[in-house]
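Visitor: I'd like to walk through this one with you, a few questions at a time. Could you put it up on the screen?

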Amino acid sequence: KKATSPMLTGRIPGTSNNTANSSSTNSTKRTARTKIGKPTDQSDVNATATEGSKAEPNIGEDYTISIHREMLGLTVENVLERTIIRTVLPHGAAKKAGAKVGSLIVKVGSIETTHLTHFETIDELRQSQRPLKLVLRRVGGQSLKEAREEMGRLIRGGG
């Protein structure tokens, strides 16, 4: 019997509490990456770390950012139904708030994303009141690479 990878259930190695729920599957106009926002100025953002006042969160560590403007200044991608920050625009609100590429979106406002699909998480990002508080979790580069590879195998049918 073939061993089941934890990634087959929507888990990204190096993260916890992140099994995916694929209950909503409206497939019209969906892409792996979705642009969320564009640049804003420095006066519109604040950042705080949930694990103390560290400037750079460690792998696996949660941190919180707060964005006061409508446009977030980042793009996200779907990795095994989890929403990961793909890019942070150089002069955008997310960059100024301290968002890091490769971070998992754990919470949007008061909504935990554990049981949301990628597209439900995007809806929360778009519809949430500002200022928007995001709880993010640093994901290791190797873990993210393995999860992307597993997603590719699943898409190609070689699971």
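Visitor: Let's start small: in which strand is T75 found?
Guide: Quick heads-up before we dive in: this is a predicted model. As for T75, look along the chain for the strand that covers residues 74-79. That puts T75 in strand β4.

Visitor: Is T75 buried or exposed?
Guide: The cut-off for buried is under 20% relative accessible area. T75 has a relative accessible area of 13%, so T75 counts as buried.

Visitor: Which residue's side chain does T75 join in a polar contact?
Guide: Stay with the side chain of T75 in strand β4. The polar contact there is 2.3 Å. Its partner is the side chain of T87.

Visitor: And what's the overall order of helices and strands along the sequence?
Guide: The protein chain has three helices and eight strands. Read from the start, the pattern is β-β-β-β-β-α-β-β-α-β-α.

Visitor: Now for charges: how many salt bridges does the structure hold?
Guide: Side chains of opposite charge can pair when their charged atoms come close. The cut-off here is a Lys or Arg side-chain nitrogen within 4 Å of an Asp or Glu carboxyl oxygen. By that count, the structure holds five.

Visitor: Take D62 and R137: how many residues apart are they?
Guide: Their side chains meet in a salt bridge, at 2.6 Å from N to O. D62 sits in strand β3 (residues 62-67) and R137 in strand β8 (residues 132-138), so the pair links distant parts of the chain. The separation is 75 residues.

Visitor: Is R137 buried or exposed, then?
Guide: R137 comes in at 10% relative accessibility. Buried means under 20%, so R137 counts as buried.

Visitor: Which residue forms a salt bridge with R148?
Guide: R148 lies in helix α3 (residues 141-156), and its partner is in strand β4, 71 residues apart. The closest N and O atoms are 2.3 Å apart. The partner is E77.

Visitor: Of E77 and R148, which is buried?
Guide: R148 has a relative accessible area of 31%, so R148 is partly exposed. For E77 the value is 5%. The buried one is E77.

Visitor: Where do both E150 and R153 lie?
Guide: These two form a salt bridge, with the closest N and O atoms 2.8 Å apart. E150 is buried at 4%, whereas R153 is partly exposed at 31%. They are three residues apart, about one turn of the helix, and both lie in helix α3.

Visitor: Which residues are joined into one network by salt bridges that share partners?
Guide: We have already met the bridge between R148 and E77. Shared partners bring R86 in as well. The network is E77, R86 and R148.

Visitor: Over to the nonpolar side: which residues have the most contacts inside the largest core?
Guide: That core has 20 residues. Elements that each supply at least two of them include β3, β5 (82-88), α1 (93-97) and β8. The residues with the most contacts inside it are I65 and L136.

Visitor: How many residues are in the second, separate core?
Guide: Among its members are I84, L104, L144 and M151. The count for this second core is 10 residues.

Visitor: Last one: what percentage of the protein chain's residues is buried?
Guide: The protein chain exposes about 8500 Å², with carbon and sulfur atoms supplying 49% of that. Out of 159 residues, the buried share is 45%.

Key. Residues are numbered from 1 along each chain as its sequence is written. This is a predicted model: local features need pLDDT of at least 70, side-chain atom pairs count only at pLDDT 80 or more; totals for chains, interfaces and linings use all residues. Side-chain values use heavy atoms; hydrogens and water are left out. Helices (H or I, at least four residues) and strands (E, at least two) are DSSP runs, numbered from the N terminus. Buried means under 20% relative accessible area, exposed over 50%, partly exposed in between (1.4 Å probe, protein chains only). A nonpolar core is a set of buried Ala, Val, Leu, Ile, Met, Phe, Trp, Tyr and Cys residues joined through side-chain atoms within 4.5 Å. A polar contact is a pair of N or O atoms within 3.5 Å; within protein, one must be able to donate a hydrogen and the other to accept it, and residues adjacent in sequence count only if both atoms are side-chain atoms. Accessible areas come from the Shrake-Rupley method with a 1.4 Å probe; for residues, only the protein chains shown count as cover.
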